[in-house]
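Work through the exercises below with the model open in your viewer. Try each task before you read its solution.

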Amino acid sequence: MSIKQRLDTAAYIGTTTISLKHGKPTLTATFIQDYFPPDVEDAYYDIRWYTSGDFELHYQENWSDERGWKRRWDKHPRDGKRTHYHRPPDAGHPPEPAEFPDNYYEMLRYIDEQTLAHIKEHPLLEMD
């Protein structure tokens with residue numbers, strides 16, 4: 001099963017598309033809006049997985065007040081840390097070293113668990 005096929009079967013994903021972003025083939029999986037507080041305009045994964053086993057997995061929310069929330073899980077050369085994590089809310093730098101599953105299916109499960117936990121305890125819910 002491909003990454004796209006796996007996300008096409010996820011109950012919380014509305015659409016998946018493959019397009020060029022920043023000159024790189026990217027799978028974008030858009031979350032169904034019903035899972036979010038009203039001030040979240042959209043939420044999505046941008047995924048790039050390379051034949052070398054390297055990857056870039058980004059999660060982003062765009063909020064109506066022009067803030068947002070994002071984080072990234074990456075495996076590629078970066079400041080001497082091949083596998084690294086960019087913390088929310090801005091997926092900033094520098095990233096911190098991290099260990100991730102090598103198999104794409106297990107990695108998707110890993111980021112899904114973290115993302116769905118974030119959605120359940122969404123920071124905008126505290127502001128209502």
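**Exercise 1: a ring pair**

Both Tyr12 and Phe31 are buried. The model is predicted. Task: decide how the rings of Tyr12 and Phe31 are arranged, stacked or edge-to-face.

Solution.
- Step 1. A pair of aromatic rings is described by the distance of the centres and the angle of the planes.
- Step 2. For Tyr12 and Phe31, the ring centres are 5.6 Å apart and the planes meet at 25 degrees.
- Step 3. Planes under 30 degrees apart count as stacked. The angle for Tyr12 and Phe31 is 25 degrees, so this pair is stacked.
- Step 4. Place the partners in the chain. Tyr12 sits in the loop between α1 and β1 (13-21), and Phe31 sits in strand β2. The two residues are 19 apart, so the pair links distant parts of the chain.

**Exercise 2: a second pair and the wider set**

Task: classify the ring pair Trp49 and Phe55, then state whether each partner is buried or partly exposed.

Solution.
- Step 1. The ring centres of Trp49 and Phe55 lie 4.5 Å apart, with planes at 25 degrees, so this pair is stacked.
- Step 2. Buried means under 20% relative accessible area. Phe55 has 0%, so Phe55 is buried.
- Step 3. Trp49 has a relative accessible area of 24%, so Trp49 is partly exposed.
- Step 4. Widen the view. The structure holds 11 aromatic pairs. Ring pairs join Tyr12, Phe31, Phe36, Tyr45, Tyr59 and Trp69 into a cluster.
- Step 5. Look for a charge on a ring. Arg6 lies over the face of Tyr105, 5.4 Å from the ring centre.

**Exercise 3: the nonpolar core**

Task: find which residues have the most contacts inside the largest nonpolar core, and which elements give two or more residues to this core.

Solution.
- Step 1. The largest nonpolar core has 27 residues. Those with the most contacts inside it are Leu7, Phe31, Tyr45, Ile47, Tyr59 and Trp73.
- Step 2. Two or more core residues come from each of α1 (3-8), β2 (24-31), β3 (40-49), β4 (55-63), β5 (68-75) and α2 (104-120).
- Step 3. Take Ile47 as a sample. Leaving aside neighbours within four places in sequence, Ile47 touches Ile3, Leu7, Pro25, Thr26, Leu27, Glu56, Leu57 and Leu108.

**Exercise 4: the faces of α2**

Task: where do the buried residues of α2 fall when seen down the helix axis?

Solution.
- Step 1. Check the length. α2 has 17 residues and reaches 24 Å from its first C-alpha to its last, close to the expected 24 Å.
- Step 2. List the buried residues of α2: Met107, Leu108, Ile111, Asp112, Thr115, His118 and Ile119.
- Step 3. Down the axis of α2, these buried residues fall within an arc of 130 degrees, so they line one face of the helix.
- Step 4. The buried residues of α2 pack against α1, β2, β3, β4 and β5.
- Step 5. Turn to the face away from the buried side. Glu113 and Lys120 are the exposed residues there.

**Exercise 5: backbone checks**

Task: locate the cis peptide bonds before Pro89 and Pro94, and the positive phi values of His22 and Glu66.

Solution.
- Step 1. The bond from Pro88 to Pro89 is cis, with omega near 10 degrees. The bond from His93 to Pro94 is cis too, with omega near 0 degrees.
- Step 2. Pro89 is in the loop between β6 (83-86) and β7 (96-97), and Pro94 is in the loop between β6 and β7.
- Step 3. His22 is not a glycine, yet its phi is about 55 degrees. His22 lies in the loop between β1 and β2 and is exposed at 76%.
- Step 4. Glu66 has phi near 75 degrees. Glu66 lies in the loop between β4 and β5 and is exposed at 78%.

How values were computed: Residues numbered from 1 in each chain as written. Predicted model: local features only at pLDDT ≥ 70, side-chain atom pairs only at ≥ 80, totals over all residues. Heavy atoms only, no water. Core = buried A, V, L, I, M, F, W, Y, C linked by side-chain atoms within 4.5 Å. Buried < 20%, exposed > 50% of the residue type's maximum accessible area, 1.4 Å probe, protein only. Helix = DSSP H or I, 4+ residues; strand = E, 2+ residues; numbered from the N terminus. Contact = heavy atoms within 4.5 Å. Phe/Tyr/Trp six-rings, centres within 6.5 Å; stacked < 30°, edge-to-face > 60°. Lys NZ or Arg CZ within 6 Å of the ring centre and 35° of its normal. Expected span 1.5 Å × (residues − 1). Arc of directions from axis to C-beta.
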